[in-house]
Amino acid sequence: MSATSSARVEQGRNRRDRFWSAMRYRYTPYLLLLPAVLVTLAIVFYPIVRSLWISLHYYVLTRLRFVEFIGLENYRTVLSDRVFWTSLRHSVIYVGFTVSAQFVFGLITALLLNQKFWGRGFVRAIILVPWVTPGVLTGFMWRWIYDGNFGVLNQALIDLGILSSSIPWLAQSSTALGGVIIATIWQGIPFFAIMLLAALQAVPLELYEAADIDGASTWQKFLRITLPLIYPTVLITLLLRMIWVSNYVDIIYVMTAGGPGHSSLTLPVYTFMTARSGLDYGYAATLSVYLTLCLLVVIALYIWMLRRSEAR
Amino acid sequence: MAGSSAKRKSLVTRFFTFTLPLTAILAFQLFPFVWMILTSLKSEVEISSDPFTYLPRNWTFANYGRIFDVLPFARYFVNSAIVASSTAIIGLAISVFAAYALSRFRFYGRNAIMLSFLTIYMFPPVLLLIPLFVIIRSLGLLDTHFSLVLAYSTFTIPFSVWMMTGFLKSIPHDLEEAAMVDGCGRLGAFVRVTLPVAAPALAATGIYIFIFSWIEFIFAVMFTSSDTSRTLVVGLNTLVGQFTINWGLLTAGGVVTAIPAILLFTLIQRQLIQGLSAGAVKG
């Protein structure tokens, strides 16, 4: 073989190698993503499509012989369903009160934990415990505290002379929703506290020192320095919490199952109970679609905020 | 406020602006646990007796023994452990390569994929509950561990992809590139060089999935119907009778259920808090 032709072969091989390595670089990420994407398509997208399909049917688990395509009938029924509107209103109240109280107490906790004191690491760890407690257990603990016969809350209020007789907190419609809200606030304070603490620790100390030189008060420093700097974290955390809390089922289900009457029924609990106790899967699927539509607005806002703060 | 408190606050101010509020918040956050533990250590008679007792008159562990007699609680414990660890292992295995691709390559559709994983993770569980129940029922998989692993993967896979992508991004590429120069393939370099460095982050993600599966209720209560697959939280719920609840047993069972989750959580606290700011962790 002559020198020139072997050089040409070499060159061709190089080019081929380069081509393949370029192809490899191009397709490797897709190959790597394939398992996750396929599994997600199979267990998330397919079920969602299936859910939309089920929502177009009369589909009651005990009457499977009578499953029938009914078009948008379920969607129309929901709009004239009193319980749907009640549960939607309760959802708004539940999420609104819960998330704003979690935020206020979470911020106070974060400000306290941001100070130096003996045992801070321990307190910071222990304060997070409610957050990894099973929702069911959170529900039970609070149900036991509120108990109308042997509950510690009633007993303590009677011993303090505030009440003269026990109140069945979760069994009367005027206090059930409030009781559930307090339990949920309890569960979510740690999350806010830790998120906001991380944001507080990222605020440069020099800013406070400069403000000290200018003679700013603690309150002024908080309003002019701290708040503007943690604002993006605050917004993102608020939206994130709104999404999670809107989806909660277990705490309410265990505490009141939405009762008495429908006084503590929220939309996801209504959906869950329609499937679990009512066995009406067609209608439950429809309710879950409505719930998702409501949430999509918040999710979209959250993602928009998140991307904007990442871009910055 | 943070940092330079140049002027010493008087002890009184410190008490009202710091000690008192911190104590109040801690008391509020810890009281339900304290009350659960105290109740679990009382006898059944004492719990529902007049006069009311705050502290147990006779401290007893009887409820902790009885919970294992009344219910197949050990079986539930094993079921929870099987479901949670399988979900964690499967979730990690499937998502680690996806996270690698998302953290190391720029390619068409990357952002769209990231966003859809994030969005899926925020969908209401009840949206997937109904179709998954119908699908799992028609596959004859109701009342199996696998049905729960499948259901939890819907959330844990997108979650772990999102969280691990964040972790992997924070590991510098240099090491990997050096290994590639030394003749490792791209994937080889990732497996041999980056993965060991990322091990704590992977463990944290795995443990978080474990905890999530350990405490999940609504899928577990829908998909399981017998002791062969019932998890701990569902087992707890079976203690609720039509009219009465045995609070001694329920609180003892609650303590047993909560302890593994709390212990595991303390292991991964630091990484988890880091992952929190990526907005991926479910509250």
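This passage walks through the contact between two chains, a cavity, a loop and the salt bridges of a predicted model.

The interface of chain B and chain A makes a good starting point. The size of an interface is often expressed as the accessible area that is lost when its parts come together. Here, about 8900 Å² is buried between chain B and chain A, and carbon and sulfur atoms give 80% of that area. The contact draws on 101 residues from chain A and 95 residues from chain B. On the side of chain B that touches chain A, helix 1 of chain B supplies the largest share, with 16 residues. Sorted by class, this side of chain B holds 70 nonpolar residues, 19 polar residues and six charged residues. As for specific pairings, eight residue pairs are found in polar contact across the interface, with both partners at pLDDT 80 or more. The number of salt bridges between chain B and chain A, by contrast, is zero.

Attention can now turn to empty space. Rolling a probe the size of a water molecule over the atoms reveals where such space remains. Searching the whole structure in this way gives three cavities of 30 Å³ or more. The second largest cavity, with a volume of about 60 Å³, is lined by residues of both chains: L137(A), F140(A), M141(A) and W144(A) on one side of the list, and P32(B), M36(B), W247(B), L250(B) and T251(B) on the other. Three elements each give two or more residues to this lining, namely helix 5 (135-146) of chain A, helix 1 (11-40) of chain B and helix 12 (247-276) of chain B. Helix 5 of chain A makes the largest contribution, with four residues. In terms of class, the lining of the second largest cavity comprises eight nonpolar residues and one polar residue, with no charged residue. Helix 1 of chain B thus appears twice in this account, as a contributor to the cavity lining and as the source of the largest share of the chain B side of the contact.

The backbone of chain A offers two further details, both in the loop between helix 10 (250-255) and helix 11 (267-276). The peptide bond from G259(A) to P260(A) is cis, with omega near -5°, and P260(A) is placed in this loop. A257(A), which also lies there, has a positive phi of about 55° although it is not a glycine.

Finally, side chains of opposite charge can pair when their charged atoms come close. Over all chains, the count comes to four salt bridges. One of them joins R76(A) to E73(A), whose closest N and O atoms are 3.4 Å apart. Both residues belong to helix 2 (residues 73-79) of chain A, where R76(A) and E73(A) are three residues apart, about one turn of the helix.

Notes. Residues are numbered from 1 along each chain as its sequence is written. Chains are lettered from A and ligands numbered from 1 in the order in which they are written. Side-chain values use heavy atoms; hydrogens and water are left out. On a 1 Å grid over the protein atoms alone, a cavity is a set of points where a 1.4 Å probe fits but cannot get out, and a pocket is an open set with protein on both sides within 12 Å along at least five of seven lines; lining residues have an atom within 4 Å of a point. Grid points are joined across faces, edges and corners, and a volume is the space filled by probe spheres set on the points. Ala, Val, Leu, Ile, Met, Phe, Trp, Tyr, Cys and Pro count as nonpolar, Asp, Glu, Lys and Arg as charged, and the others, Gly among them, as polar. Contact means heavy atoms within 4.5 Å. Buried area is the accessible area (1.4 Å probe) that two parts lose on being put together, summed over both. A salt bridge is a side-chain nitrogen of Lys or Arg within 4 Å of a carboxyl oxygen of Asp or Glu. A polar contact is a pair of N or O atoms within 3.5 Å; within protein, one must be able to donate a hydrogen and the other to accept it, and residues adjacent in sequence count only if both atoms are side-chain atoms.
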